[in-house]
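This report describes the fold, the core and the charged contacts of one protein chain. Please keep the model in view while reading.

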Amino acid sequence: MPTEHDPRGRRALRLASGVALALAVSFGMALPIPFLAPIFVLLLLVTNNRPLPLKAAPALALVIMLTTGTGLLMIPLLQHAPPAGVLLVGLCLFLCFRHGLRGGNPLVTQFLVVGLTMISAAGTYLFPLAVTVIEALAKGMLLAVLVSLVSHALFPEPADAPAARPRPVLDASESAWIALRATLVVLPAFLLALIDPSSYMPLIMKSVSLGQQVCGTSARTAGRELLGSTLLGGLLATLFWSALSLFPHLWMFFLWMLLFGLVLGRRLYALAATRQTPGFWMNTLVTLIILLGQSVQDSESGQDVYTAFAVRMALFIAVTLYACAAVYLIDRRRFHRQRRAAP
């Protein structure tokens, strides 16, 4: 039960207000790939309960340069030697996920994976599209940092709040196995994006979210964690779109996102009783943001929103089922190897 000095209530308010504000500002300013900023805000606020210090700005700039540089360097290799390029991208993804599992910053890991896959896929298809993705990543991260500072100012962390427990650092063998299955989850969406990145950008973001989620799940719970959160995110996106259609306005967009963010934030921070893990609710919110953001863009471009949503949801379910299968097969292979190695 939450108490007077329990910081979880403020954290849920901070999360919901930050995501809603980033979403409204992104679409209000017509930023490229507008659903990136609220996802980055979500990651910033969940992984760190304190505002980013000013000294973190150079580190973020370095991460952005490293991400864009790595993605751009992959473009010539993917164009002239596709098999070698795909293998090198897979190796880089493996190293990124393993870095996160060995104690690295999860936000840096996520940003590197997103930049590596999205920039290289877009540049292989059309170089100006890669420039647009770089612009979207840089503006999205800048907006996310500013919004997170505003959210922390509105709902500051109590002075007596306990420090966040450090994430457990896995040993080299276990982190390598988990990084391998996360890499295998992301690669199929990356291969599809090489064909048409403008259509499969949301699928890359979904697969990156799944890749992060499989780092904390097991074969026994993968179906419930991965598929359940994807289906719930799709259901909530449908409810959100129906509610927004009653009065489509940017302020209503903000208010509905605030409401849905509060509902999911209460469960993410265990203010409401639930059997699911925080990763489940986080992936649900990520799925909601991606589907909703793409539906708004489809509506602005005059496309059939419901057909596009159905196709996108089917792709999300397919990549989620593939992720469940990858977790099961990799864990089974690992179990058999451990049994053979046992005396």
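## Salt bridges and the helical core

The side chains of E157 and R11 are joined by a salt bridge, at 2.4 Å from N to O. This pair connects distant parts of the chain, 146 residues apart: R11 belongs to helix 1 (residues 8–28), while E157 sits in the loop between helix 6 (127–154) and helix 7 (172–195). The model is a predicted one, and the values below are computed from it.

Both partners of this bridge are shielded. E157 counts as buried because its relative accessibility is 10%, under the 20% limit for that class. R11 is likewise classed as buried, with a relative accessible area of 12%.

The structure holds 4 salt bridges, and three of them are listed here.

| Pair | Closest N to O distance |
|---|---|
| E157 and R11 | 2.4 Å |
| K139 and E135 | 2.5 Å |
| D298 and R312 | 3.1 Å |

The bridge between K139 and E135 is a local one. These two residues are 4 apart in helix 6, so about one helical turn separates them. K139 is partly exposed, with a relative accessible area of 37%, and E135 is also partly exposed, at 33% relative accessibility.

The bridge between D298 and R312 joins two helices. D298 lies in helix 11 and R312 in helix 12 (residues 305–341), so the pair ties together parts that are 14 residues apart in sequence. D298 counts as buried at 5% relative accessibility, and R312 is buried with a relative accessible area of 12%. Elsewhere, R11, R14 and E157 are joined into one network by salt bridges that share partners.

The overall fold is the setting for these contacts. The chain has 12 helices and 0 strands. Of its 343 residues, 51% count as buried. Among contacts between residues at least 6 apart in sequence, 80% join residues at least 24 apart. The chain exposes about 16000 Å², and carbon and sulfur atoms supply 68% of that area.

What, then, are the residues that touch the most other members of the largest nonpolar core? They are M257 and L288, in a core of 101 residues. Helix 11 (residues 278–300) gives the most to this core, with 11 residues. Apart from its neighbours within four places in sequence, M257 is in contact with V19, A20, L23, F240, L285 and L288. The two residues that touch the most core members are therefore also in contact with each other, since L288 is within the 4.5 Å cut-off of M257. In soluble globular proteins, nonpolar side chains tend to be buried together.

M257 is one of the buried residues of helix 10, where F253, F254, F260, G261, L264, G265 and L268 are buried as well. Helix 10 (residues 250–268) has 19 residues and spans 26 Å from its first C-alpha to its last, close to the 27 Å expected at 1.5 Å a residue. Just after helix 10, A270 adopts a positive phi of about 60°.

The surface also carries nonpolar side chains. L72, F127 and V131 form a nonpolar patch there, with about 250 Å² of accessible area together. L72 is found in helix 3 (residues 56–80), and its relative accessibility of 30% places it in the partly exposed class.

Definitions and conventions
Residues are numbered from 1 along each chain as its sequence is written. This is a predicted model: local features need pLDDT of at least 70, side-chain atom pairs count only at pLDDT 80 or more; totals for chains, interfaces and linings use all residues. Side-chain values use heavy atoms; hydrogens and water are left out. Patches are made of residues with over 30% relative accessible area and no salt bridge: like charges are joined within 9 Å, nonpolar side chains (Val, Leu, Ile, Met, Phe, Trp, Tyr) within 5 Å. Accessible areas come from the Shrake-Rupley method with a 1.4 Å probe; for residues, only the protein chains shown count as cover. Buried means under 20% relative accessible area, exposed over 50%, partly exposed in between (1.4 Å probe, protein chains only). The expected span of a helix is 1.5 Å times one less than its number of residues. A nonpolar core is a set of buried Ala, Val, Leu, Ile, Met, Phe, Trp, Tyr and Cys residues joined through side-chain atoms within 4.5 Å.
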